[in-house]
Amino acid sequence: MPETLGSEVRPLRVAVIGSGPSGFYAAEDLLTQKDFKATVDVFDRLPTPYGLVRGGVAPDHQKIKTVTNFYEKTAARPGFRYFGNVDYGTQVTLDELKAQYDAVIFAVGAKSDNKMGIPGEDLKGSEAATVLVGWYNAHPDYRDYKFDLSEERVAVIGNGNVAMDVVRILGQDPEELAPTDIAEYAVQALRKSRIKEIYLLGRRGPAQAAFTNPEIQELCELKGTDLVVDPREVDLDPVSKDCLAKGEGGPKAKKNVDILIAQSKKGSGAQPRKIFVRNLVSPVEILGKDGRVAALKLEKNMLVRAEDGSVKAKGTGQYETLPVGLVFRSVGYKGVALPGLPYDSRKGTIPNEFGRVIDPQTKTAIPALYVVGWAKRGPSGVIGTNKPDSVETVRKLIEDYKGKPAADGKSADAAAAFLAGKGLKAVSFADWKRLDKIEVENGRKKGKIRDKFSTIPEMMQALETTPTAA
Ligand code: NAP
């Protein structure tokens, strides 16, 4: 008589690929069901967990990072295991995972960035904001990047919260950042920065800005840098007035406009660095000199209502040239295709219905495969948005398995033995806690919250040379 999946004797065996918020929320939901038992092995290609909470959230936003306390509680639940330093696609394949687990949930986020598709995008000095974010956060993929911070004028394209992070980190006094968990090499580079003017470029108007209220308010209060808003930049056009009158964009949009109008009344201030807010402009070309960024060609936009009622930017045919030596493109993250999985190249996501991975040809669910987070819905929302998103997927997964007979005897021991048999040096959650402790201790010596390891060999060496009881 086969055992029933999700029972005490045969918990469902689930692998979660990716240990960011969406992966942890999926694990938490699976491990806290009242009448359905699961065990969850979370994999990450890095030794360290937490995805963008570690590698994306800005170092001066420490409070946001306390969400990891919640993830630690998940990690302490019976049935949870962490396998860091194991790369899906190169070190373990989908077929291997399917042999060890009943179901696999992909929580891989969006690893790449959107391209603008304008001439000059590949010039030296035209950088992806996401790369700068990874760099100042000591992410091993980005630590070796070099940014030319000797330029005095910089443009940031896009006005989402990633753009705000980038503007704030570049505009802020590095001594304010030094005691945080920012990478030490980044503080040193920022101390030498000669940046004096930062242009924050939104293609639509202030009533459609993607940033949220606390983020724009923070820019108004930076030490050493003035946020300069020309009153003409917040003189609302009829479309924006109509949007606000109808409550479009919610309280966020109205408050953003209020904050910018209040700031526009303060003039340009007396601090040494300036951030200039520009609206209704689209870069149409990045102009170069000797192979390097020298300026942006901007087209002035107007706002129009599209057929679906949304508000779009439309070029007016009026152009200006903005001399800048460095450009950060902050126009959104984008997912990448993964081996063995379908991929929607337009959205940058894994095709799915409520988290069930869908075969684009047959439009039917592919058994055993699920997706959560940015890989499911695209790069939107805040950390907490991932919670209901993961719960939705887990609900579908349980519907698919509850009460079904187990086909074979997949076990936790077999999965661990399989990984060890491949010679992989997986990092456990206890190992991570040791790394965590070492980082905090190293940081304390330097007057920082934490001194992050920024390479995988450094992390692995620290684990080898530190006694387990540390
Ligand atoms: P985002 O919020 O989607 O913003 C993307 C920005 O790029 C928008 O201003 C968009 O303008 C602009 N854009 C897109 N294509 C463009 C083009 N071709 N030319 C010019 N501008 C273009 O994305 P994000 O800033 O990467 O952030 C991703 C998610 O993470 C967001 O949900 C964000 O709130 C979240 N996040 C939150 C925090 C925080 O809570 N502190 C920090 C970082 C990130 P349109 O609006 O006109 O499309």
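This is a conversation about how to read helices, a ligand site and a few single residues in a predicted model.

Biologist: Let's start with helix H12. How many residues are in H12, and what should they span?

Modeller: A helix has a regular rise, so its length can be checked. At 1.5 Å a residue, the 15 residues of H12, 250-264, should span 21 Å, and the C-alpha atoms at its ends are 22 Å apart, which agrees.

Biologist: Which residues of H12 are buried?

Modeller: The general idea helps here. An α-helix has 3.6 residues a turn, so residues three or four places apart point the same way. In H12, the buried residues are Ala253, Asn256, Val257, Ile259, Leu260, Gln263 and Ser264. Looking down the axis of H12, you find these buried residues within an arc of 160°, so they line one face of the helix.

Biologist: And what do the buried residues of H12 pack against?

Modeller: They pack against two helices, H10 (213-220) and H11 (238-245), and two strands, E9 (225-228) and E10 (273-278).

Biologist: Could we try the reading again on helix H17? Which of its residues are buried?

Modeller: H17 covers residues 456-465, and Met459, Met460, Ala462 and Leu463 are buried there. Seen down the axis of H17, the buried residues fall within an arc of 155°, so they too line one face of the helix. On the other side of H17, Pro457, Gln461, Glu464 and Thr465 are exposed. Helix H2 (51-55) and helix H16 (429-446) are among the elements that cover the buried residues of H17.

Biologist: Which residue caps the N-terminal end of H17?

Modeller: For a cap, look at the side chain beside the helix end. Thr455 caps H17 at its N-terminal end, with a side-chain oxygen 3.1 Å from the backbone nitrogen of Glu458.

Biologist: Now the ligand. Which residues come nearest to the ligand?

Modeller: There are 21 residues around the ligand, and the nearest are Asn159, Arg203, Arg204, Glu215 and Gly381. Helix H7 (residues 161-171) gives the most to this shell, with three residues.

Biologist: What are the distances from ligand atoms to the side chains of Asn159, Arg203 and Glu215?

Modeller: Take them one by one. For Asn159, an N or O atom of the side chain is 2.9 Å from an oxygen atom of the ligand. For Arg203, the distance from a side-chain N or O atom to a ligand oxygen atom is 2.8 Å. For Glu215, a nitrogen atom of the ligand is the partner, 2.8 Å from an N or O atom in the side chain. As for cover, the ligand taken alone exposes 920 Å², and the protein buries 77% of that.

Biologist: On to backbone angles. What is phi of Phe354, and what is phi of Ala368?

Modeller: Here we look for positive phi in residues other than glycine. Phi of Phe354 is near 55°, and Phe354 sits in the loop between strand E16 (352-353) and strand E17 (356-358). Phi of Ala368 is near 80°. Ala368 lies in strand E18, residues 365-371, and at 11% relative accessibility it counts as buried.

Biologist: One last residue: is Thr321 buried or exposed?

Modeller: Thr321 is exposed, because its relative accessible area of 52% is over the 50% cut-off. Thr321 belongs to strand E13 (residues 311-323). Not counting residues up to four places away in sequence, Thr321 touches Leu287, Ala295 and Leu296. Thr321 and Ala294 are 27 residues apart along the chain, and their C-alpha atoms are separated by 9.9 Å.

Definitions and conventions:
Residues are numbered from 1 along each chain as its sequence is written. This is a predicted model: local features need pLDDT of at least 70, side-chain atom pairs count only at pLDDT 80 or more; totals for chains, interfaces and linings use all residues. Side-chain values use heavy atoms; hydrogens and water are left out. Helices (H or I, at least four residues) and strands (E, at least two) are DSSP runs, numbered from the N terminus. The expected span of a helix is 1.5 Å times one less than its number of residues. Buried means under 20% relative accessible area, exposed over 50%, partly exposed in between (1.4 Å probe, protein chains only). The arc is that of the directions from the helix axis to the C-beta atoms. Contact means heavy atoms within 4.5 Å. A residue is near a molecule or strand if one of its heavy atoms lies within 4 Å of it. A polar contact is a pair of N or O atoms within 3.5 Å; within protein, one must be able to donate a hydrogen and the other to accept it, and residues adjacent in sequence count only if both atoms are side-chain atoms. Accessible areas come from the Shrake-Rupley method with a 1.4 Å probe; for residues, only the protein chains shown count as cover.
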